[in-house]
Amino acid sequence: MSGSIGQEAKEIEIPKKLPLLPVRDIVVFPHMVLPLFVGRKASIKAIEKAVSGNKMVFLAAQKLLEVEIPQPEEIYSMGTVGTIVRMLKLSDGRVKILVQGLAKAKIESFVSLDPFYQVKIKKVVERKKMKPSLEVEAATRMVKEQVEKTIAFGKLLVPDVISLIENLEDPGRLSDLVVSNLGLKVPLAQEVLETLDPVQRLRKVSDILTKELDVLSMQQKIQTEAKGEMDKTQREYFLREQLKAIQKELGETDERAEEVQEFRTKISEAKMPEKVSKEAEKQLKRLERMHPDSAEASTVRTYLEWMVELPWSTATKDNLDTISAKKVLDEDHYDLEKVKERILEYLAVRKLNEKTKGPVLCFVGPPGVGKTSLGKSIARSLGREFVRVSLGGIRDEAEIRGHRRTYVGSLPGRIIQGMKQAGTSNPVFMMDEIDKIGMDFRGDPSSALLEVLDPEQNNGFSDHYLGVPFDLSKVMFITTANQIDPIPAPLRDRMEIINIAGYTTEEKVGIARNFIIPRQITDHGTPPKKVKFSDAAIAHTVSQYTREAGVRQLEREVARILRKIARRMAEGEKKRFMVSPTNVHRFLGIPKFIPEAEQEKDEVGLATGMAWTPTGGDIIRVEATMMKGKGGLTLTGSLGDVMKESAQAALSYIRSKEKTLRINADTFSENDIHIHVPSGAIPKDGPSAGITMASALASVFTGRPLRHEVSMTGEVTLRGRILPVGGLKEKILAAKRAGIKTIILPKRNEKDIDEVPIHLQRGLKFVFADHMDTVLKTALRGSPASKKTKPRKKK
């Protein structure tokens, strides 16, 4: 409540006993005039008693606002004696009175408690006149200035009160007047009332005004900011409402609301897992609260687009018919029986158990053997989508796991991108060139692939961008590599390795006839009936114009032939073109590779070996000769360290068998040995030429020629044992091309012959040796008794 100060009354005698009127929410000061609404029965009786007598009542504030009937201890003892100027009874039973404060007083005791409180009081006397001083004047001016500032900040005061404040010089009266109009809380106002010293009271009021000014200043600042923001918001709201009205008139809709509703529909249709759906809804609510043109809204919008477009529950139905799948595989690829068998086995298992996890296959083989196209064929046979990602040269782990959304322009990794591209949760996912992954300060991508390619973990693959798990367990992963060694061991352990070796000439002829030539004829627009390739022409092209394990160069040579034929057709020639071995050179020019000439006769010190190369296989001629010297060994032909060590081991073995081979002991110390492997510009290495070198040395020292139709491969030890080697298919192919009839292989490689195609084995005799004795018995002509190396006579 607010009140005003009445004119200073004459000194009035105040009785010692007065009715008590507890005041609920205000402290009454002397000279203060204010209206009060009284509703409590005891208070109304106290007023009636006062009105019937001297019209005086004691006004004291109660300590607790919520107490309806305060007890004596719940009422402040210091209060103000007031006189009732006017009383009015209201229709609701309450009484309205107008009271004026006269003087301060203090309760000494409660005389009676019923029917109303009557108290014995003692008047509190204050100093009326004070000597003027600089302190009092400074305090008075400060309070007046502070009051003016509060009014400037918007504090409302009655004009009469403002006029009184400007004219008052008494510090006590000024304090009471200011405090009574500030609307302070009861405890703070009561504290001022109980301060009897006028100057001290004025200082307290100054402190209160200082705090009030700080509050008003902050309030005004907040209001100004709020008003500015509100004005901006109102302006934007007004413009949006105008835009809506214009769009409505034009028949357009609210794009933002439509976008949010579209996202909500797509989230529902995507059938996400519960955890993923909650995250998507959370981000959608964020988008709904954002300004549509803000940068963050664009980021959230992109994130939601990725979430709703991923195949959380969409899957294609597998074609589990193994017969039709085999037919598709045979249509697309020649041979490759191992790979086809593995795919058909997977289909059979899927037919019996639909919940089986997708296999992780790794095709290892030289370039051009059809690893990638085989992945496409597998997807077609299964009826699945096909996705291919090249991993060659990537060095950043984020390429696999994705970038965190804190980065500008961040995106999911290649795995999630591939899944979005596939549109299904169970595609055939091919990762090419897994052996060419790099590593630098940005992380190790191969380590990130460990989770992707582990069937036990990839059902909850976590991409940094999505921040929610994605199930990859239904995906059939296929990786490709040219070499197995660069792949880290933990990653290699998670994959099923399937080696795809190079093709033989017969296989290349079949591939060219069934796949390459028909495709190239279609691409070049030449009529199929007017162009024919003989098998011999294809074989001639393979052997003399290509040197590769795959068929890419062969396809380029076929395309080159067809381009020349197409040109001649375009120039008007209408004849039928027949490509044969005799006219291939007219299309392709002189041969690029001349096959190794067949050895026509047996020679001493010339052994035929077999070597594996990245482009298939080849034969090598190992030449050994002996000359006078001091027992030295010379090795030439760009031999690697392993091959040089094999030569040393072979020589040591032959020297240890001098009695068995009937070689004079002085022969080793009085002669030098030179071993040479032709094609000196080509680096050569590996242990498989060990028995070939040993045979050449045995031939030189015994003088017995080596059979020219025999070739061999195998590692030899100092005790003459033969150790197994690899690459048999390629080596046997090279031997057959060179006209070899008998092939000597390590005994422990006998089991591997089953992997060699039957057509390669035709016309060949295989000798499996576990010791050099068997090798020499097969490879050398004659017997040790037929020719003996004679010792040289000493002078």
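**Strands, helices and salt bridges in the predicted model**

Val710 finds its bridge partner within strand E24 in Thr742. This pairing belongs to a predicted model, and it offers a convenient way into the structure. Strand E21, residues 710-712, runs parallel to E24, and three bridges join the two. On E24, Thr742 is also paired with Lys765, a residue of E25. The pairing of E24 with strand E25 (residues 765-769) is again parallel and extends over five bridges. Strands of a sheet pair through backbone hydrogen bonds, in either a parallel or an antiparallel sense. Five of the five residues of E24 are buried, so this strand is largely enclosed by the rest of the structure.

Just ahead of this strand comes Lys741, placed in the loop between helix H24 (728-737) and strand E24 (742-746). With a relative accessibility of 49%, Lys741 counts as partly exposed; the cut-off for exposed is over 50%. Leaving aside residues up to four places away in sequence, Lys741 touches Glu709, Gly763, Leu764 and Lys765. Lys765 is thus a contact of Lys741 as well as the bridge partner of Thr742. A separation of 132 Å lies between the C-alpha atoms of Lys741 and Glu137, which are 604 residues apart along the chain.

Parallel pairing is also found in an open sheet of five strands, whose order is E9-E10-E13-E8-E14. Its edges are formed by strand E9 (386-390) and strand E14 (496-499); each has a single partner strand, so one side of each is left without a neighbour in the sheet. On average, and with direction ignored, neighbouring strands of this sheet are turned by 20 degrees against each other. Within the sheet, strand E10 (residues 428-432) and strand E13 (residues 476-481) run parallel and are joined by four bridges. Phe429 has Phe477 as its bridge partner in E13.

Turning to the helices, H1 spans residues 41-52. Its twelve residues reach 17 Å from the first C-alpha to the last, close to the 16 Å expected at 1.5 Å a residue. Ser43, Ile44, Ala46, Ile47 and Ala50 are the buried residues of H1. They cover an arc of only 160 degrees around the axis, which puts them on the same side of H1. An α-helix has 3.6 residues a turn, so residues three or four places apart point the same way. The exposed residues Lys41 and Ser52 sit on the face of H1 turned away from its buried side. What do the buried residues of H1 pack against? Their partners are strand E2 (17-23), strand E3 (32-38), strand E4 (56-61), strand E5 (78-89) and strand E6 (95-112).

Helix H2, residues 134-152, can be described in a similar way. The helix has 19 residues and reaches 27 Å between its first and last C-alpha, close to the 27 Å expected at 1.5 Å a residue. Buried in H2 are Val136, Ala139, Thr140, Val143, Lys144, Gln146, Val147 and Thr150. Seen down the axis of H2, these residues fall within an arc of 160 degrees, so they line one face of the helix. The face turned away from this buried side carries Leu134, Arg141, Glu148 and Ala152, which are exposed.

Salt bridges add another set of links, and the structure holds 35 of them. In one, Asp176 meets Arg201, with the closest N and O atoms 3.2 Å apart. This pair connects distant parts of the chain, for Asp176 belongs to helix H4 (residues 171-180) and Arg201 to helix H6 (residues 198-250), 25 residues apart. Asp176 and Arg201 are both buried. The side chains of Arg401 and Glu451 form another salt bridge, at 2.7 Å from N to O. Arg401 lies in helix H13 (residues 398-401) and Glu451 in helix H15 (residues 445-452), so the pair ties together parts that are 50 residues apart in sequence. Arg401 counts as buried at 15% relative accessibility, and Glu451 likewise counts as buried at 13%.

Are the partners buried or partly exposed in the salt bridge between Arg568 and Glu573? The closest N and O atoms of this pair are 3.2 Å apart. Arg568, at 27% relative accessibility, counts as partly exposed, and Glu573 is partly exposed too, with a relative accessible area of 33%. Elsewhere, salt bridges that share partners join Asp318, Arg350 and Arg384 into one network.

Note on methods. Residues numbered from 1 in each chain as written. Predicted model: local features only at pLDDT ≥ 70, side-chain atom pairs only at ≥ 80, totals over all residues. Heavy atoms only, no water. Expected span 1.5 Å × (residues − 1). Buried < 20%, exposed > 50% of the residue type's maximum accessible area, 1.4 Å probe, protein only. Arc of directions from axis to C-beta. Contact = heavy atoms within 4.5 Å. Pairing = 2+ DSSP bridges. Axes fitted to C-alpha atoms, helices over the stretch in contact; angles between N-to-C directions. Salt bridge = Lys/Arg side-chain N within 4 Å of Asp/Glu carboxyl O.
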